[in-house]
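Hi there,

Here is the structure I promised to pass on to you. Have a look at it first, and then read my notes below.

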Amino acid sequence: MDGQNADLHRATHPGSAAEVFRAFLPLGFTAFGGPVAHLGFFRTQFVERRRWLSDAAYADLVALCQFLPGPASSQVGMALGLRRAGYLGMLAAWTAFTLPSAVAMAAFGLLLGIAQVGEGAAWLLGLKAAAVAVVANALLGMAGSLAATRATATIAALAAVIVLLVPDRVAGQLAVIVLGGFAGLLLPADVPAAEPSAPVARTSRTFALICLAAFFLLLFVLPLAAPLGPAADLFDRIYRAGALVFGGGHVVLPLLESEMRGMVGESDFLAGYGAAQAMPGPLFTFAAYLGSVATPFGGVAGATVALVAIFLPGALLVLGVLPFWEALRRRTLARRVLAGVNAAVVGLLAAAFYDPVFLRGIGSAAALCLAIGAFVALRQWNAPPWAVVIASGAIGAAIL
C-alpha cells in the first residue's frame, strides 16, 4: 500500500489480532450479567483502562449495534476488534468473548444426552422456573425503556396479540417486526435525535456492500438449501433467527423457539435457556446448546453449525453498515422505524413469556413459588442471574 494508505491503516488499526484476543478472553470467562453489563465491562476495559478509543467513539459503536438486528454486545465487541486490528481483530474479539460460554453450553447439551436426563428431573424443573423469572424481569425492563409511551405500548400489545393468535409462529413474528417498523413511521416527531460523535472504524464501502448483499442473499438462499440435509436445515433455521432478532439478548428466545420446533423438544429448550443465564459472555451461545441437542443433526457438529449461524448475520451487518452509519443515524425516519421495531419486539417477548416459557416452565404451585422467589431476587435484590439460576436448580432438586 502507498504511504498515505499505510498511515491511515496504522491510525485505524493500531493493534494486532493477538492483542485483541488476549484482551477479550478474560471477559469471555467473567462477563456475567447480560448485554447491558457487557457494554459496561467493555467501556471499563477498552475506554478507561486500555484507551483504545474515546468515550464518544465507543458511544457511536454502541448506538450502531443497538440499531442493527443481532446480539448487540457481541457486535460491539466485533466492532472494537475491527477498529483495533482490522478483520482479524474482529474475528479474534468474537472468538475470545464467545468461546468459553459456547463450549460450556455445548457440553451441557452433550451431557444431558449422555446422561439421558428425563424432562421431569427436579433440577431441570428448577432451571425452567428460573427461566420464567429471568424472562419476566427482562420483559419489564424492556417495556420500561422501549414501550413507555401510549403509542409504543400499543404497538407492543398488538404485536403480542398477533403472535399469539397467528397459527404460524414464524410468519407472525416476521409480520410484527415489519408492521412495527411501519407503525414507527406514525410515531410523534419527538424521537430523540442522534448525538454527534467521533468517526467509527473506517472500512471499505465496496466490501461493506458485499457483506450487506451476502446478509440478504443468505436469507433467501438458505431456505432453498435446507432440504439438502439436516445440517443445511439447522443452519437455515438458526441464521434466520439471528438475522431477524432486534434487541438481542432475551428477544432471541421466541425466534429460536419457533425455528427449532421439531428439532428440539420444549423441555430441552427451556432447560438450556435456564442454564444459559448462568453463563458468562453472550446469551446467543444458547444456539450452541440447541445445536448439540438437535435431531437428527446434533452433537459437536450441530453445536458448531448453530454457533456460526447465529452470529454470522450480526457480523455481516456490522461490516456492511459501519461505513454508512454516520449518515444513517441522523435520519429521523430511521430512528422512528427503529422505535417501532423495538416496541414490537417487546410484544414478541411478551408472547414468548406466555408460551412457551410460562406454560411449559410452571407445572406446579411449588414451581410457581420458586419462580416468584427468583423474580424478586433478580428484580428487587439485584442478584446476579447466574447465582439465581444455580440456586433455582439446587432448590428445585430439593423440593420439586
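**A mostly covered helix**

The buried residues of α12 are Ser267, Phe269, Leu270, Ala271, Gly272, Tyr273, Gly274, Ala275 and Ala276. That makes nine of the 11 residues in α12, so this helix counts as mostly covered, where buried means under 20% relative accessible area. Please keep in mind that you are looking at a predicted model.

**Salt bridges**

Side chains of opposite charge can pair when their charged atoms come close. A search of the whole structure turns up nine salt bridges, and here are some to find on your screen.

Start with Arg360 and Glu266, whose side chains meet in a salt bridge with N and O 2.4 Å apart. This pair links distant parts of the chain, since Arg360 sits in helix α16 and Glu266 in helix α12 (residues 266-276), 94 residues apart. Are these two partners buried or exposed, or something in between? Arg360 has a relative accessibility of 34%, so it counts as partly exposed. Glu266 also has 34% and therefore counts as partly exposed.

Next, look at Arg84, which forms a salt bridge with Glu19; their closest N and O atoms are 3.1 Å apart. Here too the pair links distant parts of the chain: Arg84 belongs to helix α5 (residues 72-115) and Glu19 to helix α2 (residues 17-30), with their positions 65 residues apart. Both Arg84 and Glu19 are buried.

The side chains of Arg261 and Glu257 also meet in a salt bridge, at 2.9 Å from N to O. What is the relative accessibility of each partner? For Arg261 the value is 39%, so Arg261 counts as partly exposed. Glu257 has 5%, which is under the 20% cut-off, and therefore counts as buried.

Finally, Arg43, Glu48 and Asp55 are linked in a network of salt bridges.

**The second largest pocket**

Rolling a probe the size of a water molecule over the atoms shows where empty space is left. The second largest pocket has a volume of about 530 Å³. It is lined by 23 residues, and the closest to its centre are Pro69, Phe216, Phe246, Val337 and Val341. Which helices each supply at least two residues of this lining? They are α8 (169-184), α9 (205-225), α10 (230-244), α14 (299-321) and α16 (332-361). The largest share, five residues, comes from α8.

Look at the kinds of residue there as well: the lining of this pocket has 22 nonpolar residues, one polar residue and no charged ones.

**A nonpolar patch on the surface**

Now turn to the outside of the model. Val161, Leu164, Leu165, Tyr354 and Leu359 form a nonpolar patch on the surface, and together they have about 470 Å² of accessible area. Two elements, α7 (150-165) and α16, give two or more residues to this patch. The largest share, three residues, comes from α7.

Val161 is a good residue to click on here. Val161 lies in helix α7. Its relative accessible area is 43%, which is between the cut-offs of 20% and 50%, so Val161 counts as partly exposed.

If you come back to α16 at the end, you will find that this helix turns up in several places: Arg360 in its salt bridge with Glu266, the lining of the second largest pocket and the nonpolar patch.

Enjoy exploring, and write back with any questions!

Best wishes

Methods:
Residues numbered from 1 in each chain as written. Predicted model: local features only at pLDDT ≥ 70, side-chain atom pairs only at ≥ 80, totals over all residues. Heavy atoms only, no water. 1 Å grid on protein atoms, 1.4 Å probe; cavity = no way out; pocket = protein on both sides within 12 Å on 5 of 7 lines; lining within 4 Å. Points joined across faces, edges and corners; volume = space filled by probe spheres on them. Helix = DSSP H or I, 4+ residues; strand = E, 2+ residues; numbered from the N terminus. Nonpolar A, V, L, I, M, F, W, Y, C, P; charged D, E, K, R; others polar. Patch = residues over 30% accessible without salt bridge, like charges linked within 9 Å, V, L, I, M, F, W, Y side chains within 5 Å. Areas by Shrake-Rupley, 256 points an atom, 1.4 Å probe, with all protein chains shown as cover. Salt bridge = Lys/Arg side-chain N within 4 Å of Asp/Glu carboxyl O. Buried < 20%, exposed > 50% of the residue type's maximum accessible area, 1.4 Å probe, protein only.
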